[in-house]
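Colleague: Could you take me through one part of this model closely, namely a place where two helices pack together, and then add a word on the cysteines?

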Amino acid sequence: MIQGAIFDADGTLLDSMGMWDTVGERYLISQGVRPPAGLRETLFPLSLAQCAVYLKDRFALPLAPSAIEAGINGVIRSFYAGEVVAKAGVLDFLRGLKAKGVPLYLATATDREVITKGLERTGILPLLDGLVTCGDLGVDKRTPEIFDYARDRMGTATEATWVFEDAVHAAATAAAAGYPVAGVADPYSDQTELRKLSRIYLPDMTDFSGFYQRATR
């Protein structure tokens with residue numbers, strides 16, 4: 001059965017992971033600096049604060065690290081407000097679940113203000129019954145609190161609440177907590193591991209009927 005559905009945003013509903021992969025490059029370009037090859041690999045393991053310090057020192061930017069952080073956040077906000085698009089099939093998939101009476105909740109690590117702009121831009125926001133961010137709860141997706149919070153708000157049973165995720169670590173958390181996982185393919189995730197964790201693996205979200213039939217039989 002499907003009593004409820006919890007969706008990740010980036011890489012699951014939104015085609016946005018490429019922006020996170022290139023945000024440092026985007027910021028440097030906005031400052032008139034040509035980004036060098038390999039920058040994304042250097043920045044990937046760093047926090048935002050660490051990225052700001054690195055960019056300041058490496059490129060002699062005449063700005064305080066706090067100003068660089070603010071600038072990077074501005075690049076991110078601009079992308080969600082004016083560029084981000086929904087992944088193929090997402091709107092019809094969500095409408096299909098709504099038509100079956102399934103409540104839909106969003107659980108994301110992205111900042112609430114930022115993700116709301118992206119959801120508004122893509123037409124996803126009106127289809128959701130609620131939204132919670134890791135920042136709201138002070139947690140990350142290596143613990144199941146964010147999924148439990150969303151499920152509690154929907155009033156659904158864990159074993160009948162599907163979690164849609166593209167990230168392996170989040171899918172692993174949900175599966176370990178007893179949630180059925182629908183893994184959503186994204187080029188920025190390890191698909192082999194995601195398949196192993198998924199009750200149903202979705203190469204994309206264009207076949208709602210096929211998913212629903214498999215999930216409810």
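Modeller: What follows takes the helix contact and then the cysteines.

The model is a predicted one, and the part to look at is the packing of helix H1, residues 17-30, against helix H4, residues 65-82, whose axes lie 10 Å apart and meet at an angle of about 125°. Because the angle is neither within 65 to 115 degrees nor over 145, H1 counts as oblique to H4, and the crossing in which H1 passes H4 is right-handed. On the H1 side, the contact is made by Met19, Trp20, Val23, Arg26 and Tyr27, while H4 contributes Ile68, Gly71, Ile72, Val75, Ile76, Phe79 and Tyr80. Sorted by character, the residues of this contact between H1 and H4 comprise ten that are nonpolar, one that is polar and one that is charged; Arg26 is the charged kind, and Gly71 is counted as polar.

As for the cysteines, a disulfide is a covalent bond between the sulfur atoms of two cysteines, and with a cut-off of 2.5 Å between the sulfur atoms the count in this model comes to zero. Cys51 takes part in no disulfide, since the nearest cysteine sulfur, which belongs to Cys134, is 18 Å away, against a limit of 2.5 Å. Cys134 is likewise in no disulfide, the sulfur of Cys51 being the nearest one to it at 18 Å. Are these two cysteines buried or exposed? Cys51 counts as buried because its relative accessibility is 10%, and Cys134 is also buried, with a relative accessible area of 5%, the limit for that word being under 20%.

Terms used: Residues numbered from 1 in each chain as written. Predicted model: local features only at pLDDT ≥ 70, side-chain atom pairs only at ≥ 80, totals over all residues. Heavy atoms only, no water. Axes fitted to C-alpha atoms, helices over the stretch in contact; angles between N-to-C directions. Helix = DSSP H or I, 4+ residues; strand = E, 2+ residues; numbered from the N terminus. Parallel < 35°, antiparallel > 145°, perpendicular 65-115°, else oblique. Left-handed = near helix turned anticlockwise from the far one by under 90°. Contact = heavy atoms within 4.5 Å. Buried < 20%, exposed > 50% of the residue type's maximum accessible area, 1.4 Å probe, protein only.
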